[in-house]
Amino acid sequence: MAPAEYDCGEAETVATMLARMAGGFTDPVELVQQSIDRAREMNAHLNAFATISVDGPVEAAKESRKRWEEQHARPLEGVPVAIKDLIDTAGIETRYGSAAYKGHVPLADADVVGRLREHGAVIIGKTTTHEFAWGVTTSSNAFGDTRNPLDQTRIPGGSSGGAAVAIASGAVPAGLGTDTGGSIRIPASLCGVVGYKPTYGQFSTHGIFPLAPTLDHVGLMGRSVDDVARLVQALGRCSSGGSTEPRFRVGIIRNIPPVPLEEGVARSFDHAVNMIASFHDVGEMSGGVFEGVFPAFAGLVLTEASVTHHRRNDRNTIAEKYEPETRERLSNAGAIKLEEYFAWQDFRRDFTARLQAFMNDVDFLILPTTPCVAPKIGQRRVEIESWSGTVREALMTYTAPFNMSGHPAISIPLRVPPTCMPIGLQIVAGPHQDELLLRFAATLAQIV
């Protein structure tokens with residue numbers, strides 16, 4: 001029987017891998033093979049990979065070896081990475097987390113995948129996702145549940161759960177995912193890694209199966225903020241403005257009603273805020289601006305996802321090959337009226353304007369990424385104090401607002417006692433302040 005915890009070992013960062021290859025201490029082929037072996041080993045316990053490649057990555061690593069020898073190495077030369085199963089990869093099975101697409105092999109890379117390959121990254125496989133990225137547990141009747149490496153009885157979060165597990169367990173130092181309502185930041189929080197959602201539209205979504213196109217973001221994960229920043233630089237679309245002063249104005253959002261914080265999360269968050277206050281100007285702000293956001297977000301996703309799936313697949317395919325959870329949601333979408341969708345979009349525009357005004361006097365917002373630690377696999381509801389709600393509502397209430405508004409946001413791990421499950425600190429910046437956000441997150445990661 002597998003142990004409750006998986007031995008994650010000592011995992012390398014992108015920077016250390018590049019340094020070792022540059023110094024001739026590591027051969028890219030050996031590095032990539034080690035990554036593949038690690039992925040296979042941990043997959044038997046954690047189910048983080050939908051597909052693990054061998055021949056393609058080894059050949060790419062041989063090319064990287066040649067480039068290092070000829071001193072023509074690219075920025076990510078020979079670094080093994082993983083790609084979420086929602087994102088097309090030429091020649092590698094991409095099933096979008098669904099039995100409906102089992103055996104589907106794209107002919108072309110998604111734009112973001114092509115950029116990483118051009119910069120020398122080696123793709124070792126595809127990480128698991130909730131079916132069509134429409135969920136926060138990364139559970140699957142067809143392919144099995146993905147498990148949290150810190151406690152295999154718990155979920156890793158989702159929908160980019162496989163990517164978080166692959167990074168936390170040391171199979172790869174970084175990878176690509178997507179974030180429609182928290183799908184990068186939630187698993188980052190629950191697995192103790194870094195997860196970054198850029199400003200809406202920062203990176204191309206061409207070649208990615210859409211969930212809700214007006215909310216979908218490409219996202220990145222890594223062991224550290226630096227890992228994420230190196231992938232961002234390869235994708236080439238990070239811009240910044242605003243203050244470069246070492247002391248920033250930081251607005252603290254302690255909770256977003258109606259979902260309170262678990263006691264342990266609250267303690268760790270308050271400790272982090274006290275540490276931040278030693279270096280920056282902090283002030284507590286009301287979470288009232290977020291009232292009504294989650295119901296509007298859920299309505300938008302339901303409507304847009306329904307259009308996507310009925311455009312791509314006929315009713316027989318949906319009935320025979322989709323997971324029951326997805327079929328139920330598509331059935332519920334049939335009752336939505338066009339006027340409701342218009343009203344949700346109107347709410348979204350109003351909320352975005354209010355949030356922007358709310359942030360006028362601060363450089364960043366800081367709040368918990370998730371109000372609780374990872375729920376148990378199969379758990380349907382979360383109870384915190386007197387509040388009770390679905391796992392989805394609990395985990396997305398603190399992240400979905402910034403998909404609605406398009407603001408860039410990042411989750412970094414908070415320090416917790418060794419016996420506790422991970423939780424994340426979420427940092428939010430103004431639109432297109434992505435580079436500033438990454439720099440600030442890197443400094444906070446050293447103190448929280």
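Two aromatic rings of Phe, Tyr or Trp count as a pair if their centres lie within 6.5 Å. By this rule the count comes to 12 aromatic pairs in this predicted model. A pair of aromatic rings is described by the distance of the centres and the angle of the planes. Take Phe248 and Phe440. Their ring centres are 5.3 Å apart, and their planes stand at 75 degrees. Planes over 60 degrees apart count as edge-to-face, so that is what this pair is.

Where do Phe248 and Phe440 sit in the chain? Phe248 belongs to the loop between α7 and β7 (249–252). Phe440 belongs to helix α15, residues 434–444. The pair links distant parts of the chain, 192 residues apart. Buried means under 20% relative accessible area. Phe248 has 7% relative accessibility, so it counts as buried. Phe440 has 2%, so it counts as buried too. Other rings join into a cluster. Ring pairs link Tyr96, Tyr101, Phe132, Phe209 and Tyr322.

Now turn to the sheet. It is open and is formed by 11 strands. Their order is β1-β3-β2-β4-β6-β5-β12-β13-β9-β7-β8, and the pairing is mixed. Which strands stand at the edges? They are β1 (49–52) and β8 (281–284). Each has a single partner strand, so one side of each is left without a neighbour in the sheet. On average, neighbouring strands of this sheet are turned by 25 degrees against each other, direction ignored.

Start at the β1 edge. The partner there is β3, residues 122–127. Three bridges join β1 and β3, and the two run antiparallel. In one of these bridges, Ile52 has Gly125 of β3 as its partner.

Move along the sheet to β6, residues 217–222. In the strand order, β6 stands between β4 and β5. Six bridges join β4 to β6, and these strands run antiparallel. Gly175 stands opposite Met221 in β6. Three bridges join β5 to β6, again antiparallel. Here Val194 has Gly222 of β6 as its bridge partner.

How many of the six residues of β6 are buried? Six of the six are, so the strand is largely enclosed by the rest of the structure. Both of its faces are covered. His217, Gly219 and Met221 are buried on one side. Val218, Leu220 and Gly222 are buried on the other.

A helix lies across this part of the sheet. Helix α7, residues 225–235, lies across β4 (174–179), β5 (194–197), β6 and β12 (409–413). Helix α7 runs at about 140 degrees to β6. Eight of the 11 residues of α7 are buried, so the helix is largely enclosed by the rest of the structure. Among them are Val225, Val228, Leu231 and Leu235. Asp227 is also on the buried list. Just after α7, Gly236 takes a positive phi of about 75 degrees.

Helix α7 also packs with another helix. Two packed helices are described by the angle between their axes and the distance between the axes. Helix α1 (residues 14–22) and α7 pack at about 70 degrees, with their axes 8 Å apart. That makes α1 roughly perpendicular to α7. Which residues of α1 meet α7? They are Val14, Ala15 and Leu18. On the α7 side, the residues are Asp226, Asp227 and Arg230. The contact divides into three nonpolar, no polar and three charged residues.

Terms used
Residues numbered from 1 in each chain as written. Predicted model: local features only at pLDDT ≥ 70, side-chain atom pairs only at ≥ 80, totals over all residues. Heavy atoms only, no water. Pairing = 2+ DSSP bridges. Helix = DSSP H or I, 4+ residues; strand = E, 2+ residues; numbered from the N terminus. Axes fitted to C-alpha atoms, helices over the stretch in contact; angles between N-to-C directions. Contact = heavy atoms within 4.5 Å. Parallel < 35°, antiparallel > 145°, perpendicular 65-115°, else oblique. Nonpolar A, V, L, I, M, F, W, Y, C, P; charged D, E, K, R; others polar. Buried < 20%, exposed > 50% of the residue type's maximum accessible area, 1.4 Å probe, protein only. Phe/Tyr/Trp six-rings, centres within 6.5 Å; stacked < 30°, edge-to-face > 60°.
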